[in-house]
Every structure is written in structure tokens, then in C-alpha cells.
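Here is a walk through one structure, to be followed with your viewer open. Select each stop as you reach it and read what is there.

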Amino acid sequence: METPKQNHIDKNDFDHVYEPAEDSYLLIDALEKDLQYLKSKNPTFCLEVGSGSGIVITAFGMAFPKTVCFSTDINFKACSMSKSTALQNKVMLETINMDLGSCFIGNKFDVILFNPPYVVTDSDECGSCDITASWAGGIKGREVTDRMLDLIPKILTVDGTFYLLLIEDNIPNEVISIMADYGFNSDIVIKRRVRNECQLVVKFFQDKNI
Amino acid sequence: MKLITHNMLTSKCLKGVITGYPLAITATVVKVSEVEYNPEFISRIIPKLDWEVLWKAADSIGHNEGLPPTIDPKFEDNEEFLRKAHKVLLEVEVEEGYLTCPESGRQFPITKGIPNMLLTEAEVQ
Ligand SMILES: C[S@@+](CC[C@H](N)C(=O)[O-])C[C@H]1O[C@@H](n2cnc3c(N)ncnc32)[C@H](O)[C@@H]1O
């Protein structure tokens with residue numbers, strides 16, 4: 001997969017919007033690794049939740065020109081940056097300033113991507129609409145992620161796939177078991193050690209054949 | 001915001017709202033930008049949409065582009081239909097305006113083409 005151009009972005013804007021980092025690229029690498037699987041699914045609609053700069057969903061859109069791409073972010077400045085990143089790379093992207101995917105009607109998305117705020121923090125740090133929202137994850141770094149898990153069965157299509165980035169502190173096995181209770185299988189697509197942090201991307205899906 | 005997005009948005013996350021669908025559109029600025037026409041792409045999207053909601057939304061902002069209110073069962077072979085659907089779904093964009101919840105009347109502003117669907121804590125279900 002190609003890396004989207006980012007030279008349209010004014011560096012100062014990264015004071016307000018999450019700057020693409022190792023985690024962003026790990027999610028892109030996970031999609032690249034799963035490209036054949038995704039191509040065979042031929043997705044109609046893809047949603048990235050918390051798209052920040054828009055780099056991940058734009059990379060997806062470049063690789064899947066026949067998929068309609070959507071993104072949300074709780075931070076308006078991130079929404080506007082996502083939109084411009086897509087435009088600069090000639091990807092059609094619809095962006096909504098929304099909490100996770102809470103305002104979508106039922107079961108439309110074939111692919112959902114999420115690189116959440118995963119850093120373990122106090123609960124009260126979590127839930128802002130500014131740059132803090134890009135990393136503050138509350139207890140276990142999972143407060144935002146767990147709310148998203150609950151939404152997945154409501155907005156993903158039955159044969160859809162959800163890609164989620166986690167760090168070891170988030171206790172991935174707990175996430176996998178929450179999703180198993182919702183009827184989802186899981187697979188670790190990619191894992192990487194970044195400084196002192198182990199990052200991984202897990203995919204969740206309901207169909208039996210991978 | 002393109003009308004394809006409007007087709008998928010609800011305000012049912014508001015406390016006391018049951019379906020919150022479809023949202024009414026008030027458009028103060030509408031832009032029509034050219035998007036490459038791909039019949040295969042558009043044919044694939046159409047069955048996944050609520051056509052009546054799309055038609056009424058397009059009509060309400062003065063851009064029904066002569067589309068029929070109901071879909072022809074053999075629409076895939078009808079190029080004229082597909083071109084109009086392409087325009088309404090992908091080329092017409094609401095740049096400024098707002099969406100209104102059909103049950104509560106709550107308004108959601110659209111700024112620079114981005115709808116703001118954020119709620120205050122007191123408003124959430
Ligand atoms: C770790 S950053 C990832 C940004 C981008 N996807 C990337 O990979 O570079 C997390 C993003 O999620 C957004 N976010 C946090 N909480 C959110 C929520 N409740 N709803 C939507 N977006 C949220 C943040 O504003 C931030 O842009």
C-alpha cells in the first residue's frame with residue numbers, strides 16, 4: 001500500500017491533531033498484510049473511527065478505489081485535516097465530527113478501523129475533544145475502546161471485519177474475550193515492539209472461513 | 001456532506017429519541033463537484049441505500065436532478081438513471097447548513113462540509 005502524501009499539512013497543526021506515528025503505520029502495515037483477504041471481501045463501505053490526520057483511511061482509499069470511505073473524529077480539527085489529506089491524495093472521503101460511530105444506522109460498514117487513544121491515564125483525562133483525546137485512554141487505556149467494542153455489532157455488516165490497534169497494557173486477551181462474547185473470532189495480524197511498548201493489530205470477524 | 005452520508009446518519013443516540021431517521025436537511029451552501037463516473041461502483045451502492053430517504057433529501061435541497069422517486073428493478077442497465085444517481089449521491093455536497101432530528105428538533109450544524117453530531121453528556125441515551 002502507498003503512503004499518502006502529507007506535505008499539505010502545516011506542522012503547527014500537529015499541536016492540535018495527532019501526528020502520524022508508529023501506531024498509525026502499524027495499522028497501515030496490518031491492512032497491507034491482509035490485502036488479499038480484504039480484496040476478496042470487496043468492501044462497499046469502510047469507516048475509520050478517530051481518523052486524526054486521515055493518513056490511515058486515505059491509504060485505505062488509495063488501495064480500494066471502489067470502496068466508499070468514511071471517517072469520524074471527536075476533534076473537529078482532526079476531521080478537517082482528514083478531509084484535506086484525502087483530497088490531496090484524490091481519495092473521496094466523507095468526514096463526520098462524531099463520538100465513535102454512535103450516529104450511524106445499523107450494520108452498514110464492511111470494514112471498520114480504529115487506532116484508539118490507548119494510553120493508561122486517569123478516567124477524568126479521558127473524554128475531551130482536543131489533542132488529549134488522541135492518547136488519553138483512561139483505565140487500562142481502554143475506556144474509549146470498550147465503548148467502541150460495544151458499537152461494533154451494531155454498525156459492522158455480518159461479514160464485516162474490524163481492525164483494532166492495542167498495546168500490551170490494554171490487556172488484548174480481555175478485548176478478545178469481550179468480542180468473543182459478541183460472537184466474533186479474532187486474529188492477531190501484526191505485532192511490533194516500539195521503544196518500551198508492544199503494539200499489535202487485532203482483527204475481528206464473524207464468518208468461519210478466514 | 002454528501003447525500004450518501006445523510007442516508008446513514010441518525011440522531012437516535014439522543015436521549016428519548018427512538019429512530020431519529022431520517023434527519024431533515026437545511027442547506028445554506030450546496031456545492032456540486034465533479035466525481036469520476038463509474039457505473040459499477042454506483043450500481044453496487046444503490047441497493048444498500050434507503051432510496052426514498054435519498055430522493056426526499058435530494059428533493060428537499062433542490063437537487064433531485066430528475067431522479068425517479070422509486071428505483072427501477074433493472075436500474076443497472078439504465079445509464080441515464082445511473083448518471084443521475086451518481087450526481088445526487090456523490091457530486092452534490094452540503095457545505096454549510098444543518099441537520100434536524102425528526103423527533104426532538106435538535107439541530108446539528110454542518111460546517112465546511114463536516115456535520116457536527118457531538119452531543120453533550122446530558123443529551124446522551
Ligand atoms: C491515536 S490517535 C489516531 C489517529 C489516526 N487514526 C492515526 O492512526 O494516526 C486517536 C484518535 O481518536 C480520536 N478520538 C478519541 N476519542 C474519540 C471518540 N470518542 N470518538 C471519535 N474519535 C475519537 C482522537 O481525536 C484521535 O484523532
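Keep in mind from the start that this is a predicted model. Our tour begins where chain B and chain A meet, and the rule finds one salt bridge across that interface. Select Glu40(B) and Lys66(A) to see it: the closest N and O atoms of this salt bridge are 3.3 Å apart.

**Stop 1: the interface**

Stay with the two chains and show the residues on either side. On chain B, 28 residues are in contact with 29 residues of chain A. Now pick out Met8(B), Arg44(B) and Ile114(B), the residues of chain B that lose the most area to chain A, together 29% of what that side buries. How much area do chain B and chain A bury between them? The value is about 2,500 Å², with 66% of it on carbon and sulfur atoms.

Next, switch on polar contacts between the chains. There are 12 residue pairs in polar contact across this interface, both partners being at pLDDT 80 or more. To see which parts of chain B take part, colour helix 1 (3-6), helix 2 (39-45) and strand 4 (114-115), the elements that give two or more residues to the side touching chain A. Helix 2 of chain B provides the largest share, four residues. By residue type, the side of chain B that touches chain A divides into 14 nonpolar, seven polar and seven charged residues.

**Stop 2: Thr10(B)**

Select Thr10(B), in the loop between helix 1 and strand 1 (24-32) of chain B. Is this residue buried or exposed? Thr10(B) has a relative accessible area of 1%, so it is buried. Show what surrounds it: apart from neighbours within four places in sequence, Thr10(B) is in contact with Cys103(A), Phe104(A) and Ile105(A) from chain A, and with Thr19(B), Gly20(B), Tyr21(B), Leu23(B) and Met117(B) from chain B. Then draw a distance from the side chain of Thr10(B) to the backbone nitrogen of Lys12(B), and you should find 2.8 Å.

**Stop 3: the ligand**

Move to the ligand and display its surroundings, which comprise 20 residues. The closest are Ser24(A), Asp73(A), Asp99(A), Leu100(A) and Asn115(A).

Three distances to ligand nitrogen are worth drawing here:

- Asp99(A): an N or O atom of its side chain is 2.7 Å from a nitrogen atom of the ligand.
- Leu100(A): a backbone N or O atom lies 2.8 Å from a nitrogen atom of the ligand.
- Gly50(A): a backbone N or O atom lies 2.9 Å from a nitrogen atom of the ligand.

**Stop 4: salt bridges within the chains**

Over all chains, the structure holds 17 salt bridges. Select Lys140(A) and Glu174(A), whose side chains meet in one of them at 2.9 Å, N to O. This pair links distant parts of the chain, 34 residues apart: Lys140(A) is in the loop between strand 4 (109-114) and helix 5 (143-155) of chain A, and Glu174(A) is in helix 6 (residues 172-181). Lys140(A) is partly exposed at 33% relative accessible area, and Glu174(A) is also partly exposed, at 28%. Add Arg142(A) and Asp146(A) to the selection, and you have a network of salt bridges linking these residues with Lys140(A) and Glu174(A).

Now go to chain B and select Lys2(B) and Glu93(B), a salt bridge of 3.2 Å, N to O. Lys2(B) sits in the segment before helix 1 and Glu93(B) in strand 2 (residues 92-100), so the pair ties together parts that are 91 residues apart in sequence. Lys2(B) counts as buried at 4% relative accessibility, and Glu93(B) counts as buried at 7%.

For another pair in chain B, select Arg106(B) and Glu123(B), where the closest N and O atoms of the salt bridge are 2.7 Å apart. Arg106(B) lies in the loop between strand 2 and strand 3 (107-111), while Glu123(B) lies in the segment after strand 4, 17 residues away in sequence. Arg106(B) counts as partly exposed at 21% relative accessibility, whereas Glu123(B), at 19%, counts as buried. The cut-off for buried is under 20%, so these two fall in separate classes.

**Stop 5: Asp130(A)**

Finish at Asp130(A), in the loop between strand 4 and helix 5 of chain A. With a relative accessible area of 39%, Asp130(A) is partly exposed. Its side chain joins that of Ser128(A) in a polar contact of 2.8 Å, and a polar contact of 2.8 Å also joins the side chains of Asp130(A) and Thr132(A). Last, select Ile74(A): Asp130(A) and Ile74(A) are 56 residues apart in sequence and 7.9 Å apart in space, C-alpha to C-alpha.

Terms used. Residues numbered from 1 in each chain as written. Chains lettered and ligands numbered in written order. Predicted model: local features only at pLDDT ≥ 70, side-chain atom pairs only at ≥ 80, totals over all residues. Heavy atoms only, no water. Contact = heavy atoms within 4.5 Å. Buried area = accessible area lost by both parts, 1.4 Å probe. Salt bridge = Lys/Arg side-chain N within 4 Å of Asp/Glu carboxyl O. Polar contact = N/O pair within 3.5 Å; in protein donor to acceptor, adjacent residues only side chain to side chain. Nonpolar A, V, L, I, M, F, W, Y, C, P; charged D, E, K, R; others polar. Buried < 20%, exposed > 50% of the residue type's maximum accessible area, 1.4 Å probe, protein only. Near = heavy atom within 4 Å.
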